[in-house]
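Visitor: Could we go through this one together? I'd like to start with the empty space inside and then look at the backbone.

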Amino acid sequence: MRLIIATAMLMLTASSALGNALISPGPRAGIAKSRLSATPDGEWNQLSRKDGKNVELWTLDGDSLNKVSFFGGVPVGEPLLREIDKKNRPLPKVTANMLITDIPALLETTYRSQFSVNQMEIADQEPAMLAGNKGIRFTYAFTRADDEVQRKGEGIGAIVNGQLYLVIYEAPKLYYFDKDVDKFRKLAATLKL
């Protein structure tokens with residue numbers, strides 16, 4: 001019986017890992033099915049999970065330990081993520097009159113609704129450039145109700161030709177955020193549109 005359980009667990013783990021893809025160092029175009037590109041200087045793993053049609057997820061050590069989410073060209077009228085419950089928990093949408101300073105609030109409202117985040121704080125906000133476009137860089141911290149792990153995040157976003165481009169890095173506050181935030185910053189510095 002133990003052998004059957006162990007074999008089933010191994011097959012489940014192997015099948016879930018098969019959908020992920022290795023991102024090799026060097027130029028990478030078409031991120032999140034958009035004009036967004038980057039040039040990582042090390043290996044990343046692209047998760048097979050799809051959180052939305054304009055979303056691509058990369059990680060170094062696993063989704064729950066460190067994650068970069070690319071939101072590529074989210075158009076007006078669309079949410080950042082695929083809505084789980086449109087009727088009872090609708091997500092905010094990108095609007096035509098959105099300012100770059102609205103980007104952190106859009107992420108916060110999305111997380112509060114989609115992930116039942118009851119504690120989230122947007123911390124530092126400053127002007128930044130995303131692929132040569134005026135944008136915003138911000139930091140945040142949050143705790144999801146389902147696991148109560150304190151996470152930190154850093155993001156950079158811009159609105160280009162009426163579409164939202166946003167790249168965020170998240171990891172548990174304890175150890176993992178500081179461990180890989182510089183890798184994220186190097187990656188973000190290579191973004192192009």
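Guide: What follows covers the internal cavity and then two backbone angles, and please keep in mind that this is a predicted model.

Visitor: How many cavities of 30 Å³ or more does a search of the whole structure find?

Guide: The search finds one cavity of that kind, and its volume is about 60 Å³.

Visitor: Which residues line it?

Guide: The lining is made up of Arg 49, Asp 51, Val 55, Leu 57, Lys 67, Ser 69, Phe 71, Leu 81, Tyr 111, Phe 115 and Glu 170. Two elements, β5 (55-59) and β6 (67-74), give two or more residues each to this lining, and β6 gives the most, with three residues.

Visitor: And how does that lining split by class?

Guide: Six of the lining residues are nonpolar, one is polar and four are charged.

Visitor: Switching to the backbone, what is the phi of Ala 131?

Guide: Ala 131 has a positive phi of about 50°, although this residue is not a glycine, and its place is in the loop between β7 (117-130) and β8 (133-144).

Visitor: Is Ala 131 buried, partly exposed or exposed?

Guide: Ala 131 has a relative accessible area of 25% and therefore counts as partly exposed, since buried would require a value under 20%.

Visitor: What about Asn 161, where is that one found?

Guide: Asn 161 is found in the loop between β9 (150-160) and β10 (163-172), and its phi is near 50°, again a positive value in a residue other than glycine.

Visitor: Why does Asn 161 count as exposed?

Guide: Asn 161 counts as exposed because its relative accessibility is 71%, and the class begins over 50%.

Definitions and conventions: Residues numbered from 1 in each chain as written. Predicted model: local features only at pLDDT ≥ 70, side-chain atom pairs only at ≥ 80, totals over all residues. Heavy atoms only, no water. 1 Å grid on protein atoms, 1.4 Å probe; cavity = no way out; pocket = protein on both sides within 12 Å on 5 of 7 lines; lining within 4 Å. Points joined across faces, edges and corners; volume = space filled by probe spheres on them. Helix = DSSP H or I, 4+ residues; strand = E, 2+ residues; numbered from the N terminus. Nonpolar A, V, L, I, M, F, W, Y, C, P; charged D, E, K, R; others polar. Buried < 20%, exposed > 50% of the residue type's maximum accessible area, 1.4 Å probe, protein only.
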